[in-house]
Amino acid sequence: MKVVETIAEMRKLRLKLAEPVGLVPTMGYLHEGHLALVRQARAENSSVVVSIFANPTQFGPREDFKQYPRDPQRDLALLEKEKTDIVFMPSQAEMYPPQFSSWVEAGKLAERLEGASRPGHFRGVATVVAKLFNIVQPTRAYFGQKDAQQAAVIKRMAADLNMNLEIVTVPTVREPDGLAMSSRNIYLSPEERQAATVLYRALSLAQQSYSQGETNAQTISQQMTALIQKEPLANIDYVSIAHPETLEELDKVNAPALVSLAVRIGKTRLIDNVVLE
Ligand code: AMP
């Protein structure tokens, strides 16, 4: 496994990789969710590149960029075990030199849900992912369903800008009690960790309600909201039932529908989703 810190070196090594090449973009502090992406990339490609870059431009001024967890040595040991060919770990200065000034505007899709709560977030995501695609030139790139809107934005960007690669979405990996794995789970105290199961409990309630014949989106989101409000440590940011590609809110649920939510547990903001099928 080669660990590369510069764009020039990454490009040089890229030329020697066996095709097809799978890319897994991450911000590091890896867990089983990230590793599921790496394993799928390994199974479907001859070469695997994983990037580790906590991208400052996707964090808002009052967000957790400075304290975002980092453990590169542990990350590298995990990636070595998964037979990663190249780990691309650029510095902030390598990705954003002082003269940097071009951005990918992610458009309408980026204004809803996460975009409404985190202005500029998807502009940062789309820009850094476009840069990674240009640097690595992968055949396929892998994204988690956990960040469903991110995957939708990236698919839209790749299609709109005629990027020559396939975007693959990988199912969400959960803890045994249903909590979606996330680097941010480390922020939770034991009491908050327990309270955090409310996200998946609310999503499961939506699935149950829909499978029993409820198709009124407002009714389902009210049921979810009532359940979350019973949890004293939880504060709802949004609960949404939307079309999985356009992310437009639905009145009546026609499968497939993306049920997503953002909830603050103490100071930690968590997101999760399921697709009603
Ligand atoms: P991050 O390091 O948070 O930017 O995540 C890197 C990639 O891993 C993104 O495509 C995420 O959607 C994906 N990912 C994060 N957590 C999970 C999870 N629990 N299950 C599946 N994919 C995940």
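This passage reports the ligand shell, the enclosed space and the salt bridges of the structure. The model is predicted, and local features require a pLDDT of at least 70, side-chain atom pairs count only at pLDDT 80 or more, and totals for chains, interfaces and linings use all residues. Residues are numbered from 1 along each chain as its sequence is written, and side-chain values use heavy atoms, with hydrogens and water left out.

The ligand is surrounded by 17 residues, of which Met-27, His-34, Asp-147, Val-173 and Met-181 come nearest (a residue is near a molecule if one of its heavy atoms lies within 4 Å of it). Polar contacts are pairs of N or O atoms within 3.5 Å; within protein, one atom must be able to donate a hydrogen and the other to accept it, and residues adjacent in sequence count only if both atoms are side-chain atoms. A side-chain N or O atom of His-34 is 2.9 Å from an oxygen atom of the ligand. For Asp-147, a polar side-chain atom lies 2.6 Å from a ligand oxygen atom. Met-181 contributes through its backbone, an N or O atom of which lies 2.9 Å from a nitrogen atom of the ligand. The ligand taken alone exposes 490 Å², and the protein buries 93% of that (Shrake-Rupley method, 1.4 Å probe).

Strand E2 (21–26), helix H2 (32–44) and strand E5 (140–144) each give two or more residues to this shell, and H2 supplies the largest share, three residues. Helices (H or I, at least four residues) and strands (E, at least two) are DSSP runs numbered from the N terminus. By class, the shell has eight nonpolar, seven polar and two charged residues; Ala, Val, Leu, Ile, Met, Phe, Trp, Tyr, Cys and Pro count as nonpolar, Asp, Glu, Lys and Arg as charged, and the others, Gly among them, as polar.

A cavity is a set of points, on a 1 Å grid over the protein atoms alone, where a 1.4 Å probe fits but cannot get out, and its lining residues have an atom within 4 Å of a point. One cavity of 30 Å³ or more is counted. The largest cavity holds about 40 Å³ of space, the volume being that filled by probe spheres set on points joined across faces, edges and corners. Its lining includes Lys-146, Leu-179 and Asp-272. Strand E9 (residues 268–276) gives the most to this lining, with three residues.

The count of salt bridges comes to 14 (a side-chain nitrogen of Lys or Arg within 4 Å of a carboxyl oxygen of Asp or Glu). One of them joins the side chains of Arg-118 and Glu-63, at 2.6 Å from N to O. Arg-118 lies in the loop between helix H5 (113–117) and helix H6 (121–136) and Glu-63 in the loop between strand E3 (47–52) and helix H3 (72–81), so the pair ties together parts 55 residues apart in sequence.

Conventions
1 Å grid on protein atoms, 1.4 Å probe; cavity = no way out; pocket = protein on both sides within 12 Å on 5 of 7 lines; lining within 4 Å.
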